[in-house]
Amino acid sequence: MTLPRRLSTLIVLLTICQTTWAAAVTTNPPDGHRLFSDNCAACHGNDGQGGVGVPLVLPSFLSSVDNEYLRKTIRNGRAGRIMPAFKRFNDAEVDAIVAHIRSLSKAPHAKLSSERIVGDPQHGKRLFAQHCSACHGENGEGGHGTGVTMSRPRNLPILAPALNNPGFLASAEDSMIKHTLMQGREGTPMVSFVKKGLSEKDINDIVVYVRSFEDHAPPASATLLETETPVIVRESPYSVEQTVEKVKTAISGVNMRLIRVMPLDEGYVKEGAESKKGVIVYACDFGFLNKALNVDPRVGLFLPCRITILQTKGKVLVMSVNPKRLSAIFNNSELNRLCEEMTSIYTAIIEEATL
Amino acid sequence: MKKLVSYIPVYLLAALLSTPGFADELLMVRVDHPFPEAMNLLQESIRAHGYTVSRVQRVDVGLTSSGYTTAEYRLVFFGKPAEIKSLPEKHPELAAYLPLNIVIFAEGDDTIILTANPLSLEAFFKDPSLHGQFGRWEKDIRAILNQASANK
C-alpha cells in the first residue's frame, strides 16, 4: 500500500469513527447515575450519604449551594483535601453528575447571586477569629481528617471545610458563603450566625475576609509532597541471608513489630521451590498505623512497612516503596508530615541494614 | 526508512483510537456488600482475571491486638507467577511494588476497595518496555474492581 493510499484510508476511518462517536454522544446523553457510581460513590456513598468524602445529600448543604458551585467543585476539586479535580469530564458529564446529586434529595436549590459582597475585612478577620477559627482553623485551613467515615470513630459528623483552599474559593460565590453563615447547616456543627447575634453587616465582613484568602499564596494545606523516586533503595554489602537479619535488627531498633519474613515469590511457585534471591520483610508500628489510618483510612495501601531484599546482577539491593508518593496519590496534605516521617523511618531501616 | 514512514498513518490511527492517556492516581470502588462477601468477590475477581492471590494481610487483627479499634481492614497481595519471576530480574526497583496489593476495608454495610493506579508509575520508571506492563495492570485492575463492585 502506498503512503497516499494509506493516508486516504486513515482519513476515511477517522471520519467514520468521529461521526459514530459524535452520533453516540448526541443520542446518548451522559448517564449521571453511572458517572456518579464510577467516580464519586466510593468516597461519598452510593446514595451520597458520605464516607471518606463528605455527605452530599444533607438538605441544609444542598439548599445552600447552587449547581454552579457543584460544577466548579467537581472541576476544581480541593487541592490537598482529598477531593480530586475531575478535569477530564466534559460539561455534559459534569451536568449529569450534578443532576444526579440533585436527584438524591428533595432539598431546593439555592438561588445565589454572583455579585461580590463589600465589607470591612479587618473587622471580618476579628469576627472570624472569634467565631469561625475554632472549627475552620486560624487561617481557614479547615478541620483535620477526611470527613465522615464509618470505619472508625469520628468526633464530628462532618469535616469543617478549608475556606482558604483555592478549590473552595474558586467554587464558592460570596453569596453562598453569606447564605451559609446566615442559615447555618443543620445536621453539622455549623450554626446560623444570625442566631448567634451577628448582624448582616458583620456577616458581610466575614465573607469579605474569607474572600481575601485568595490574595495569599496557596496554603500549606493545599500543597502536596513531590517525589523524584518511587523507591527508597540502597545496595547491601552482605549476602541476602545476612541482609535479611540486618533488616530484622534494624526494624527492632525503630520499635516496629516484625510481622513476617517470606520469599518474594511465595504463593507463586510450588512450596519449597521459592527463590532465595528475593525476600520480603513485613513490619509495623501499629500505633503509627492507627494514627495514619485516622488521618486517611486509605493509607493501608503503603502500610505496614514492606522491605524487599533482592539479589540481582551481582548485587544485593534493599528497598521499599517511597511513602512520599502517598500524599499525592490520596490528594491529602495532612499525610505530608506522616509521609515524611515514614520515609525517614524506612530510610533509616534500609541504611542501618546496609551499613 | 521509507518502509517506516509508510507505516506512520497506521501508528497514528492506533494512537488516536487507543484509550485516553489520563491516569487517575487512585483506583477505588465501593462495594454494596458487607466486608466478608466483598472480600470473596474481590478474590474471585482477581482469580478470574488470571492472577494468583498469594496472601491476605489482616491489618485489623494487628491493630486490635495492639489495643486499637477498627473495622475489618485487609491487604490482598496478588500477581502473576511469570511476572513475579521476570520483572525483578529486568527491573530490580520494581520489586518494591511486587506483589501488587489492594486495600479492602469495611465502611458500615459497604466495603471500600482501592489501590494505586499502576499507570502512575510510568512517570518514575522511564523504561518504555515497562509502559505496556503498567497499562495492562491498570486495565486488569479496573476490570477486577468493576467485577467485584458489580451488584450480584
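**Strand and helix contacts in chain A**

Modeller: In β5(A), V231(A) has V321(A) as its bridge partner. This is a predicted model, where local features need pLDDT of at least 70, side-chain atom pairs count only at pLDDT 80 or more, and totals for chains, interfaces and linings use all residues. Residues are numbered from 1 along each chain as its sequence is written, and chains are lettered from A and ligands numbered from 1 in the order in which they are written.

Colleague: What makes β1(A) and β5(A) a pair?

Modeller: Strand β1 (residues 231-236) of chain A shares six bridges with β5(A), and the two run antiparallel. A pair needs at least two DSSP bridges between the strands. Strands are DSSP E runs of at least two residues, helices H or I runs of at least four, numbered from the N terminus.

Colleague: What joins β4(A) to β5(A)?

Modeller: Five bridges link strand β4 (residues 305-312) to β5(A), again running antiparallel. I309(A) sits opposite V318(A). Two residues separate the strands in this hairpin, where K313(A) has a positive phi near 50°.

Colleague: Why is β5(A) called largely enclosed by the rest of the structure?

Modeller: Strand β5 (residues 315-321) has seven residues, and six of them are buried, so it earns that description. Buried means 20 or more other C-beta atoms within 10 Å of the residue's own, with C-beta atoms placed from the backbone.

Colleague: How do you know that F330(A) is buried?

Modeller: F330(A) has 29 other C-beta atoms within 10 Å, so it counts as buried. F330(A) lies in the loop between α14 (325-329) and α15 (336-353) of chain A.

Colleague: Which residues does F330(A) touch?

Modeller: Leaving out residues up to four places away in sequence, F330(A) touches I82(A), D296(A), R298(A), L335(A) and, from chain B, L26(B). Contact means C-beta atoms within 7 Å. P84(A) is 246 residues from F330(A) in sequence, yet 8.5 Å away in space, C-alpha to C-alpha.

Colleague: Why are α2(A) and α6(A) called roughly perpendicular?

Modeller: Their axes come within 8 Å and cross at roughly 90°. That class spans 65 to 115 degrees, so the two helices are roughly perpendicular.

Colleague: Which residues meet there?

Modeller: G32(A), H33(A), L35(A) and F36(A) of α2(A) meet E93(A), A96(A), I97(A), A99(A) and H100(A) of α6(A). By class, this contact has five nonpolar, three polar and one charged residues.

Colleague: What covers the buried residues of α5(A)?

Modeller: The cover includes α6 (91-103) and α9 (166-171) of chain A. The buried residues of α5 (residues 67-76) are L70(A), T73(A), I74(A) and N76(A). Just after α5(A), G77(A) has a positive phi of about 60°.

Terms used:
A residue is buried if 20 or more other C-beta atoms lie within 10 Å of its own, exposed if 12 or fewer, and partly exposed in between; C-beta atoms are placed from the backbone. Two residues are in contact if their C-beta atoms, placed from the backbone, lie within 7 Å. Axes are lines fitted to C-alpha atoms, for helices over the stretch in contact, and angles run from 0 to 180 degrees between N-to-C directions. Angles under 35 degrees count as roughly parallel, over 145 as roughly antiparallel, 65 to 115 as roughly perpendicular and the rest as oblique. Ala, Val, Leu, Ile, Met, Phe, Trp, Tyr, Cys and Pro count as nonpolar, Asp, Glu, Lys and Arg as charged, and the others, Gly among them, as polar.
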